Every structure is written in structure tokens, then in C-alpha cells.
Amino acid sequence: MKDLRRLLALFAPYTRWMLGGIALTLVVVLANIGLLALSGWFITAMALAGLAHTSMDYFTPAAGIRGLAILRTGGRYLERLVTHEATLRLLSRLRVWFYQHLEPLAPARLQYYRGGDLLSRIRADIDTLDNFYLRVVAPSVAAFVGVALLSGFMSLFSPAVALINLGGLAVAGVAIPYLAHRAGRRPGLQAVETRAALRSTVVDGIQGQAELRIYGAAPRQIERIGTLTDALIREQARLSRIAGLSAAGSSLTTQLSIWLALLIAIPLVTRHALDGPDLAMIALFVMASFESVSGLPLAFQSLGETLAAAGRIFEIIDTRPQVEDPAHPAPPPALPALHCRGLRMRYADDAHWALDGLDLDLPAGHRVALIGATGSGKSTLINVLMRFWDYQQGRIELDGRELREYTGEDLRAFSAVVSQRTHLFNTTIRANLLLARPDAGEQDLIAAARQARIHDEIMRFPDGYDTFVGEAGVRLSGGQARRVAIARALLKNTPLLILDEPTEGLDADAERLVMAAIESAMQGRSVLLITHRPRALRHMHEVYILEQGRVVAHGAPASLAEMPAFAAYSQLG
């Protein structure tokens with residue numbers, strides 16, 4: 001019930017759309033029932049009038065039938081239009097809402113989730129939630145109101161028939177849906193979990209094809225996908241059987257209700273308490289009235305699957321960020337002057353210190369390089385500076401204020417990061433660049449690309465800046481992708497530039513081009529560079545050598561050149 005209330009609260013901004021869809025659903029259902037009942041009455045009345053050679057008002061019921069037919073057709077169109085518009089708006093809000101809550105969790109809290117699982121929650125689980133309005137809320141509310149109106153109308157002819165009809169509707173609309181919900185809750189939950197595991201496994205298999213083939217693990221991965229597929233099919237088969245039994249139960253209830261209604265109504269016709277045409281109307285009315293509750297068994301069967309998807313969404317939403325913004329943040333920083341004193345940080349309470357008393361100074365306009373073996377704390381420092389992770393002891397000052405006084409968004413807007421794991425989205429080069437500054441004009445894009453030494457190569461592509469880069473930039477070479485990332489950082493035009501192994505994994509020609517782009521990008525900015533490449537160090541004002549989270553030496557590159565530690569670390573690759 002808690003998850004249901006939370007879903008309803010999320011849907012509150014679209015209450016009017018939802019109520020409009022429910023009202024139109026009710027109108028269509030009542031028009032269908034009225035059309036069938038009135039048609040039965042009219043045909044029977046016409047037949048009896050012909051046999052008795054009596055006259056009757058032909059035009060009024062005929063006009064009513066035409067009106068109900070038009071109302072049904074027009075109402076069905078509008079009902080589809082409004083309910084789907086409401087659903088699409090709800091899904092759009094859910095995705096934006098989910099991403100807004102997801103972003104502060106990256107990367108510290110999201111490291112415990114597989115990429116495929118997160119994708120499944122963002123796409124499949126949120127898509128599943130459209131069942132809540134279309135299949136649960138709308139038909140349930142329409143059924144409740146419709147049953148009340150139908151029972152009131154039938155009581156005008158026969159309270160006993162109305163009671164029989166109400167009982168049948170209660171069985172088909174409450175008892176059977178409840179049993180379907182109980183029966184479908186476990187397989188629905190298992191189907192959601194199995195579907196998520198299947199998607200994660202498929203995504204992992206696609207992304208890790210090279211590693212799977214190298215280690216001969218591809219057959220095991222395929223076998224696992226097959227096992228999960230079979231499990232999902234079994235759960236779907238169970239849900240299909242429940243749906244079939246629910247439909248059979250509803251159909252049986254409908255037939256029994258018609259039979260009992262006729263048993264009561266026929267004596268009333270015999271005693272002339274009802275007219276002959278009323279008997280046909282009652283039979284068809286009772287039969288058609290079950291349309292108002294026909295969608296409820298499937299709705300409540302899918303409720304288990306919907307709640308399972310909602311639970312997976314709220315599980316992430318309820319996770320507290322590893323780093324929380326201050327209640328009263330300071331104004332965004334203006335001067336890129338950075339100072340660390342006694343900085344200590346570890347990723348877990350029982351882990352070793354990734355940073356252990358680190359001291360570092362980066363004056364405004366200066367360039368500082370960090371070198372050290374893998375695990376010495378270089379990337380950890382960047383994670384701390386970007387407020388992806390918090391630090392336990394020490395102090396970091398940026399523009400004269402403690403780093404914790406700023407919001408993470410302001411800090412990330414103040415700096416640009418280029419790393420060896422540059423991510424390009426599966427869209428155009430232009431769109432990837434505009435992520436840094438959506439309001440940038442064409443000339444701004446070209447200027448940034450020229451400074452990054454990538455403009456000429458972009459223009460050699462048939463579509464220029466509108467060239468699609470493919471998944472993770474696969475259509476670009478490593479050097480081209482790295483320079484597009486540098487152009488993106490330049491377009492952002494931040495005072496602080498952080499470079500994390502920007503030339504790692506590139507061949508000599510690509511490294512030369514990237515380094516030329518970096519040399520241009522560093523002009524007029526404070527720069528923090530992590531590198532193993534000696535060539536990049538000649539542009540630095542100061543170099544810090546890290547070892548096990550501590551600074552073991554620092555100074556100008558020339559003054560450190562003769563140190564064995566400097567020579568060793570500068571050659572690491």
C-alpha cells in the first residue's frame with residue numbers, strides 16, 4: 001500500500017488528465033451497455049408491435065440507438081487519446097524524476113548495481129508502471145462508479161434482478177480480481193526479477209564480448225541467457241494460465257447472472273409487472289454490464305508485477321547519496337585556487353586509507369601534475385574534488401572556502417574533466433559537444449573543435465558535425481574520441497581543468513595529436529593532470545609524487561628529474 005500511495009503522489013500533477021481518461025472510459029462503457037440493452041428492447045418491441053398490429057414510437061428509440069452509437073465511437077477515440085496522453089506524460093515525468101534522484105547517487109552508490117540492471121530499471125520497470133494507470137486505476141474507478149449507476153438503473157425495473165446483477169459484478173469485479181492478484185503476485189514478482197536479470201546478462205554479454213571470447217566464457221554466458229529465458233517463459237506461462245482462468249471465471253459468472261436474472265424476470269413478465277420488451281432488455285443489460293468489470297482480473301493480476309517494478313524503482317530512490325549538498329550552500333566559486341591539507345579518505349570503514357594525509361596546492365592559473373603507481377590515490381583525489389565521494393578527515397579549500405560548503409552541481413560546473421575513459425553517447429558529434437553547453441552556437445562549436453585539433457577531421461566526415469559516433473564512440477578512433485572530449489571540455493570553458501590520463505592507451509600519432517590539443521586547452525586555466533607520460537610534465541609548474549595516498553615528494557619537474565622515484569613513476573604505463 002505504501003508503494004501505491006507513492007505512485008499516486010507522483011501522478012498528482014496529471015490528475016486532470018487521469019480523471020478525464022476515467023470519465024471517458026466510464027462514458028464508453030455505459031454507452032456500450034446502453035446501446036446493447038436499448039437495441040434489444042427496440043427489436044423486441046418492434047416485433048411484438050408487428051404481431052399485435054399496434055403502433056409505437058419508432059423515432060425516439062431509433063434516435064437513442066444512433067446517439068449511443070455515435071457516443072460510443074467518439075468516446076472510444078477520445079478515451080484512447082486522453083488515457084494514452086496521460087500515460088505518456090506520466091512515463092515522461094517518471095523517467096525525469098527517476099534520473100533526478102539517480103544522478104546524486106553516481107558513482108558511489110551505483111557501483112553496487114550492474115549497468116544492465118540500472119538500464120532495466122530505467123526502461124523496463126518504469127514502462128511497467130504504465131499498467132498502474134491504464135490497467136489498474138482507470139478501469140477500477142470506472143468500474144466502481146459504473147456498477148453503482150448500473151445497479152441504480154436496474155433497481156427501477158426489479159430490485160431483485162439488480163441485487164443478482166450486483167452480486168455477479170462483485171464476484172467478477174472483486175472476488176476474481178483478488179484471487180488473480182493473490183495468484184499472480186509471486187509469478188509477477190519473479191517475472192520482473194527474471195526479466196531484469198535477463199536484460200542485465202544480455203547487456204553484459206554484448207559489452208563484454210571481447211573478454212568472454214578471450215577467456216572462452218561465451219558458451220557459459222549463452223547458457224545463462226538461455227536459462228533465464230526459460231525461467232521467464234515459465235513465469236509468463238503461469239501468468240497466462242491465471243489470466244485464462246480469470247477470464248473463464250468471469251464468463252461463468254456472467255452466464256449464471258443472466259440465468260438467475262431471467263428466472264426472476266420471467267415471472268414478472270407473466271404477472272405483467274414487466275413488459276415483454278423489458279425481458280430482452282434485462283437479459284442483454286445484465287450480460288453487457290459485465291463489460292464494466294471485465295478488465296479488473298487482468299488489472300489486479302498485473303498489479304503484482306507493477307508493484308514489483310515500483311519496489312525496484314523506490315529501492316534506488318530511497319538510497320541516500322554518499323555525498324549530500326549543504327543545507328545553505330555557498331555561492332559558486334570564482335577563483336580556481338585549490339588547497340588540500342591533511343586529506344584522508346577511504347571507501348569503507350574497514351578499508352585502508354586511499355588518501356592518507358595528503359597535502360597539495362594548486363594556485364590559480366598554475367598547472368600541477370600527479371604521478372604515482374596504480375592505487376596511490378590519484379583518481380581518488382579527483383573523485384573527492386568532484387564530490388562523488390566524501391572525505392573523512394582533513395580540509396580542502398577552493399576559492400577560500402571549504403569544499404563541503406559548495407553544492408556538487410556548482411563544483412562540477414566550475415571544472416571540466418577529461419579522462420582515459422571518455423564516454424561519448426550514441427548520437428551526433430554536435431549533440432555530444434552540446435552536452436557541455438546546450439546554448440552554444442555553431443561558431444562556438446567550431447572554435448572549441450579547432451582548439452582541440454579535431455575540426456578538420458570532423459569536416460572530412462560526410463555529415464560533418466552531424467556524424468553519429470556510435471555506441472560509446474565506436475565509429476571514432478581512440479585519439480578522435482579523446483579530442484572530441486577535449487573540445488567538449490573547452491566548450492564548457494571552466495576555470496579548472498582536470499586531466500586524468502588523457503593519452504593513456506593511444507598510439508604515438510594519436511598521443512601527439514591529443515597532447516597538442518591539451519597544450520592548447522591548458523592556456524589560461526588551473527590544471528590538475530594525472531599522467532605517466534614524461535612529455536606532458538614539461539608543461540607543469542609543479543609535480544607531486546604520490547605513494548599509498550601520501551605525497552612523498554613534490555617540486556618543479558626539473559628539480560625532481562634526478563630522483564629515482566620520479567624516473568620510475570614517469571615511465572609507468
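## Aromatic contacts

W97 has a relative accessibility of 13% and so counts as buried (under 20% relative accessible area; exposed is over 50% and partly exposed in between, with a 1.4 Å probe and protein chains only). The model is predicted, so local features need pLDDT of at least 70 and side-chain atom pairs count only at pLDDT 80 or more, while totals for chains, interfaces and linings use all residues. Residues are numbered from 1 along each chain as its sequence is written, and side-chain values use heavy atoms, leaving out hydrogens and water.

Searching the whole structure gives six aromatic pairs (Phe, Tyr or six-membered Trp rings with centres within 6.5 Å; planes under 30 degrees apart are stacked, over 60 edge-to-face, the rest tilted). One of them is the edge-to-face pair of W97 and F314, with 6.0 Å between centres and 75° between planes. It joins distant parts of the chain, since W97 belongs to helix α3 (residues 59-102) and F314 to helix α10 (residues 296-317), 217 residues apart (helices are DSSP runs of H or I of at least four residues, strands E runs of at least two, numbered from the N terminus). F314 is likewise buried, at 4%.

Y347 and W389 also meet edge-to-face, at 4.7 Å and 90°. Y347 is in the loop between β1 (338-345) and β2 (355-362) and W389 in that between α11 (378-385) and β4 (393-398), so this pair ties together parts 42 residues apart in sequence. Y347 is partly exposed at 33%, whereas W389 is buried at 7%.

Two arginines lie over the ring of W353 (CZ of Arg, or NZ of Lys, within 6 Å of the ring centre and within 35 degrees of the ring normal):

| Residue | Ring | Distance to ring centre |
|---|---|---|
| R344 | W353 | 4.0 Å |
| R346 | W353 | 4.3 Å |
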